[in-house]
Amino acid sequence: MAGEITREHASSSSRLDGRVAIVTGASRGIGRAIAIHLHSLGARVVLNYASSSTKADLLASELNASATLSHPQAIAVRADVSDPDQVKLLFDRAEQEFGSIHILVNSAGVLDPKYPTLANTSVEDWDMTFNINTKGAFFCCKEAANRLKRGGNGRIIMISTSVVGSLLPGYAAYAASKAAVETMTKIVAKELKGTGVTANAVAPGPVATDLFFEGKSEETIKMIADACPLGRLGEPKDVTHVVGFLASDAGEWINGQVIRVNGGFVV
Ligand code: NAP
């Protein structure tokens, strides 16, 4: 058995050197933090956004300035994920710039800041939520399933939400839109048998971002933070490491799973 004991280079199996990652919703919040983390692990990153061009361009410049290499390590690409043609163009642009794509992290998402009960949810708001969170996830996942590099290292990581578990009143459309994403992710993981591409969902709990704060009173925010066993809201960086791990070679054996990252807010 002596040959089984080797000194593993933990750092090499956790690194993403030579990999290309598309991160949707990378201009702000959780997606931005994920893009920065994947870049810190060595990946070249495509920063997708819908309207925040200044923020996305600035982040791309900062990532390129921090790299020692002369060719670009990050580009910002505008694309509305709810439009299948724009999602195709996002992937086209990524391939033109960097070649094969290895990783998709789909973080683009919206939450209705009115927090309506189901009885008070308008058809327009339901459609808006599903168009971005569910159809957007489908379009990105579909392109990734067809186009991610075969033969190992391919990774699909969909950002869901722990509200699928906590089932808070006021979140019916949002939670339902993400529950569909979780189910889709588990099935695509099986459909990608033989490709070496894994598919998982990461489901954060409350995280201090624009999406979380919008429409909430100070009292509600405090109540939610108090409900977290660690007594605080999550920060985007609380979510990045698990995404980096899933994206790496070390994360290969985790496939078809939903991983809740919420400090114990809900199991
Ligand atoms: P955020 O700070 O509001 O950022 C949302 C990001 O999504 C922005 O980059 C935004 O781009 C992009 N986006 C929105 N609509 C888009 C579209 N149609 N096409 C392309 N990009 C679009 O939100 P966040 O809190 O980081 O949320 C990120 C993900 O985490 C979401 O999927 C959300 O459901 C999930 N999540 C968040 C929390 C939380 O408490 N914050 C908890 C669980 C799960 P622009 O800047 O260009 O608008």
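Reply: Let's start with a term we'll need: a polar contact is a pair of N or O atoms within 3.5 Å. This model is a predicted one, and all the distances below are read from it.

Me: Thanks! Which backbone nitrogen lies 3.5 Å from a polar atom of the side chain of Asn-200?

Reply: That of Asn-255. As for its setting, Asn-200 is part of strand β6, residues 197–204.

Me: Is Asn-200 buried or exposed?

Reply: The cut-off for buried is under 20% relative accessible area. Asn-200 has 1% relative accessibility, so it counts as buried.

Me: On to the ligand. Where does the ligand sit?

Reply: In the largest pocket. Around the ligand are 31 residues, and the closest are Ser-27, Ser-51, Ser-52, Tyr-174 and Thr-209. Sorted by class, this shell holds 15 nonpolar, 12 polar and four charged residues.

Me: Which helices and strands each supply at least two residues of that shell?

Reply: They are α2 (29–40), β2 (44–49), α7 (172–191) and α8 (210–213). The largest share, three residues, is from α8.

Me: How do I read polar contacts to the ligand, for instance which polar side-chain atom lies 2.7 Å from one of its oxygen atoms?

Reply: Look for N or O pairs within the 3.5 Å cut-off. Lys-178 places a polar side-chain atom 2.7 Å from a ligand oxygen. For Arg-28, a side-chain N or O atom is 2.7 Å from an oxygen atom of the ligand. With Gly-25, a backbone N or O atom is 3.2 Å from a ligand oxygen. Of the 900 Å² of accessible area that the ligand has on its own, the protein covers 94%.

Notes: Residues are numbered from 1 along each chain as its sequence is written. This is a predicted model: local features need pLDDT of at least 70, side-chain atom pairs count only at pLDDT 80 or more; totals for chains, interfaces and linings use all residues. Side-chain values use heavy atoms; hydrogens and water are left out. A residue is near a molecule or strand if one of its heavy atoms lies within 4 Å of it. A polar contact is a pair of N or O atoms within 3.5 Å; within protein, one must be able to donate a hydrogen and the other to accept it, and residues adjacent in sequence count only if both atoms are side-chain atoms. Accessible areas come from the Shrake-Rupley method with a 1.4 Å probe; for residues, only the protein chains shown count as cover. On a 1 Å grid over the protein atoms alone, a cavity is a set of points where a 1.4 Å probe fits but cannot get out, and a pocket is an open set with protein on both sides within 12 Å along at least five of seven lines; lining residues have an atom within 4 Å of a point. A molecule sits in a cavity or pocket if more than half of its atoms lie within 2 Å of its grid points. Helices (H or I, at least four residues) and strands (E, at least two) are DSSP runs, numbered from the N terminus. Ala, Val, Leu, Ile, Met, Phe, Trp, Tyr, Cys and Pro count as nonpolar, Asp, Glu, Lys and Arg as charged, and the others, Gly among them, as polar. Buried means under 20% relative accessible area, exposed over 50%, partly exposed in between (1.4 Å probe, protein chains only).
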